[in-house]
Protein chains: 2
Amino acid sequence: MADKITPRTLKGFRDFPPELKIPRDKMIESIKSTFESFGFLPLETPALEYKEALIGDYGEDEKLMYAFTDHGGREVAMRFDLTVPLARFVAQNPQLTLPFKRYQIAPVWRGENTQAGRYREFYQCDADIIGADINKSDLEIITLTAKVLENLDIGKTIIRINNRKLYTCLIGKINIKEENQAKFLQKIDKINKIGLDGVISQIKELGISEEKLEPVKEFLGLSTKWSLACEQIQNFGLCEIGKQGFSELDKLFSALAKLGYSEDKIIFDPSVVRGLGYYTGTIFEANLDKNKEFGSIAGGGRYDNLTQRFTDKSLPAIGISFGIDRLLAALEKVRGTGARNFVAKVLVTITDNSNNLKDFEVAEKLRLAGIKSEIYSGESRDLSKQLKYSSNLNIPFAIIYGENESLILKDMDSGDQEEMTIEEIINKLK
Amino acid sequence: MADKITPRTLKGFRDFPPELKIPRDKMIESIKSTFESFGFLPLETPALEYKEALIGDYGEDEKLMYAFTDHGGREVAMRFDLTVPLARFVAQNPQLTLPFKRYQIAPVWRGENTQAGRYREFYQCDADIIGADINKSDLEIITLTAKVLENLDIGKTIIRINNRKLYTCLIGKINIKEENQAKFLQKIDKINKIGLDGVISQIKELGISEEKLEPVKEFLGLSTKWSLACEQIQNFGLCEIGKQGFSELDKLFSALAKLGYSEDKIIFDPSVVRGLGYYTGTIFEANLDKNKEFGSIAGGGRYDNLTQRFTDKSLPAIGISFGIDRLLAALEKVRGTGARNFVAKVLVTITDNSNNLKDFEVAEKLRLAGIKSEIYSGESRDLSKQLKYSSNLNIPFAIIYGENESLILKDMDSGDQEEMTIEEIINKLK
């Protein structure tokens with residue numbers, strides 16, 4: 001016999017056993033259902049793409065891509081995110097009806113440093129509107145984000161909104177060299193970790209004079225209530241593009257107010273920058289109101305050059321991406337880790353009468369009534385072993401047999417048991 | 001500006017645009033729901049595994065594996081099926097409660113010859129019972145298969161059952177050399193394509209004498225009604241292992257009869273062999289009653305050496321695998337290609353009054369009532385363009401505005417439209 005192989009998973013890759021997969025599936029199902037309630041359409045793209053289609057947008061991170069040569073000598077790579085494949089799909093299908101509102105929920109692969117608590121396989125959960133009107137679709141994506149979070153039942157969340165055009169204006173005002181602009185934004189992005197003073201001192205290192213730091217401080221100090229911030233910002237001296245960003249924000253916040261979203265649930269946050277370079281307008285992030293240590297649980301924004309690597313045709317787009325792992329961690333924090341995850345609601349036990357198919361008949365009746373029912377399929381006919389199995393799997397009820405094959409429903413939590421007809425059991429478990 | 005990249009998918013890989021993804025998702029949802037109604041638990045394993053864990057079982061086919069060296073110098077490979085990762089998971093988790101009934105629905109990757117109409121990325125859809133009693137779990141997997149197919153609404157299907165032990169017996173009887181046994185089974189597997197005579201003449205090429213062909217003909221000529229076949233098989237002269245296989249089949253068919261499955265829906269089929277070498281007992285395949293050209297739409301069987309590459313511990317198992325692509329083709333054949341796939345049930349149109357949020361308010365009310373509602377998010381305020389969009393996406397209804405912002409529900413099929421209150425619209429669309 002050949003040598004045994006040690007069973008193990010690759011670093012950064014995870015199995016999701018049932019107790020983890022059940023709540024993941026529920027969360028994904030909830031997000032999918034909210035996306036669809038807004039009319040977003042599902043799209044699936046392949047796990048593997050031509051490498052040339054994927055590289056070019058991620059900078060340094062591209063070395064993290066799982067790329068290799070396939071059997072036919074093609075340079076291929078595993079999906080790195082869901083946005084570039086979307087762009088490829090849209091460019092490849094010019095006949096597509098626009099606007100195209102699509103969602104995709106799928107794993108992506110990045111050879112990340114796992115010491116940073118990152119995984120090399122993780123799910124992205126994206127909804128985007130391609131080729132749409134700015135005002136309506138910015139508002140729609142923000143309300144969609146609010147609704148997804150509301151339906152997840154993870155406690156109060158905050159959506160923090162900004163507009164990239166204000167940063168374009170700020171960068172112009174203080175005259176940051178082009179090669180330092182990305183670094184400047186990255187440093188501001190750290191404000192929740194290192195505070196305003198930390199950010200300012202790091203920005204100084206980019207060679208920005210004290211005098212020019214004033215507008216940065218002023219900007220980052222704007223009120224998070226838009227009704228106040230928009231007064232303050234009037235005195236800021238906005239350039240033309242800044243005024244455009246201001247007007248977009250103003251329309252957005254006034255619509256949100258009319259729709260009844262309170263100013264402390266969806267706020268203006270001048271420190272929101274979004275890491276990636278491709279955003280052009282509205283940008284936003286969401287986090288838990290308490291437990292801010294989870295960081296951002298969703299983020300997105302407007303990017304108007306989606307398909308530019310494939311075609312000259314310019315298409316405006318706005319999208320949102322939810323992080324399943326962080327959302328699940330948040331859910332656990334809010335609900336506690338004690339949630340019992342189960343699939344079958346009842347275990348139908350078996351007896352040692354091998355010609356007796358009562359178990360199959362009972363299970364079939366329960367299933368027809370919509371009750372998930374598992375027949376014990378182990379070798380043991382011992383009742384206590386079967387009940388132990390039920391309790392290991394968190395199955396809340398068990399059906400055992402009384403005299404003359406009458407049915408007894410046992411509540412696994414309380415231990416209570418009662419002789420009942422199949423109809424009574426169905427009524428109780430439904 | 002950099003050169004444009006041609007947007008394209010890799011050979012054998014597919015995008016699933018909404019019109020294909022919607023019915024795929026529905027089918028997967030239906031299968032998942034039936035699996036869960038039997039108490040099967042979801043498992044997710046990674047897309048990438050150590051290559052050493054995957055090779056060894058697939059023979060020649062292993063050259064089709066997408067294997068490469070990762071960033072850390074590890075030899076890795078993309079998932080080739082769902083069974084070997086299941087074995088790895090079970091071996092890696094000795095604390096697992098047995099029996100373990102799990103399902104997994106996920107893509108696998110094989111660098112197949114695409115000219116044969118095969119894809120290099122395709123979904124497998126598996127349910128297995130690990131560590132279970134033979135009689136109960138064989139019966140359960142067969143009834144599960146029947147229920148999954150019934151719930152898919154693809155017309156009448158036939159499940160064809162056999163037992164590998166009968167072949168062990170037959171192979172012993174006619175004394176086929178070990179190196180020819182796999183070929184022998186592969187030739188029998190072609191019976192639906194080349195007929196009994198074709199099979200017999202191909203078997204001759206393996207150097208089997210006319211005299212020894214007689215038992216093969218006799219075996220393949222057994223009735224597909226078990227009640228008749230089990231009479232015929234009595235005279236066949238079964239060896240010990242053959243008798244065991246016979247007894248397993250007999251128990252299975254008598255239980256199926258008691259549960260009311262008719263002899264023409266679940267049949268005995270001596271020509272079912274299942275390609276892979278690892279089956280040890282009950283084997284079965286399913287196909288459409290009409291349109292047999294689709295070939296097998298599901299198949300499975302008992303294999304009792306699941307974890308042997310990882311551990312000496314032997315675990316009995318039985319499983320079923322459904323082919324999503326073939327099932328979808330079958331569904332299309334049965335229902336016709338004209339099925340309209342849509343997500344939103346109603347398109348809420350927009351007007352050029354930019355301060356008017358009636359569209360968002362109407363959509364919100366519909367969504368709260370559980371009606372999937374899309375707000376038109378294109379730039380055009382032109383009603384005919386918006387209705388064209390609705391009809392392109394197969395959205396069955398549209399809401400437009402009458403005088404004083406009253407609501408009008410338009411049936412996109414008939415063209416009928418009627419002024420209604422939001423409550424009336426909700427009642428109609430619910």
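**Strands, helices and a two-fold axis**

Student: Why are strand β9 (residues 282-288) of chain B and β10(B) called a pair?

Tutor: This is a predicted model, and in it the two strands are joined by 4 bridges in the antiparallel sense. Pairing asks for at least two bridges, so β9(B) and β10(B) qualify. One place to look is B:F284, which stands opposite B:G300 in β10(B).

Student: How do you know that β10(B) also pairs with strand β11 (residues 317-323) of chain B?

Tutor: The same test works here: 6 bridges join β10(B) to β11(B), and the cut-off is at least two, so they are a pair. They run antiparallel. B:Y303, for instance, has B:A317 in β11(B) as its bridge partner.

Student: What makes strand β10 (residues 298-303) of chain B mostly covered?

Tutor: Buried means under 20% relative accessible area, and 6 of the 6 residues of β10(B) are buried. This holds on both sides: B:A298, B:G300 and B:R302 point one way, B:G299, B:G301 and B:Y303 the other.

Student: Now the helices. Why are α5(B) and α8(B) described as roughly antiparallel?

Tutor: Helix α5 (residues 164-174) and helix α8 (residues 210-220) of chain B pack at an angle of about 160°, their axes being 9 Å apart. Angles over 145 degrees count as roughly antiparallel, and therefore this pair earns the term.

Student: Which residues of α5(B) and α8(B) meet?

Tutor: From α5(B) come B:L166, B:Y167, B:L170, B:K173 and B:I174; from α8(B), B:K212, B:P215, B:V216, B:F219 and B:L220. By class, this contact has 8 nonpolar residues, 2 charged and no polar.

Student: How do you know which relation holds between chain A and chain B?

Tutor: A turn of 180° with a shift of 0.0 Å along the axis lays chain B on chain A, with an RMSD of 0.0 Å. That is how a two-fold axis relates two copies. In chain B, the residue closest to the rotation axis is B:F68, at 3.3 Å (C-alpha). Both copies use the same surface, as 100% of the contact residues of chain B recur in chain A.

Student: What makes the phi of B:N175 worth a look?

Tutor: Phi is near 60° there, a positive value in a residue other than glycine. B:N175 sits in the loop between α5 and α6 (178-188) of chain B.

Student: Why is B:N175 called exposed?

Tutor: Its relative accessible area is 57%, and exposed means over 50%, so B:N175 is exposed.

Methods
Residues numbered from 1 in each chain as written. Chains lettered and ligands numbered in written order. Predicted model: local features only at pLDDT ≥ 70, side-chain atom pairs only at ≥ 80, totals over all residues. Heavy atoms only, no water. Buried < 20%, exposed > 50% of the residue type's maximum accessible area, 1.4 Å probe, protein only. Axes fitted to C-alpha atoms, helices over the stretch in contact; angles between N-to-C directions. Parallel < 35°, antiparallel > 145°, perpendicular 65-115°, else oblique. Contact = heavy atoms within 4.5 Å. Nonpolar A, V, L, I, M, F, W, Y, C, P; charged D, E, K, R; others polar. Least-squares fit on C-alpha atoms with pLDDT ≥ 70 in both.
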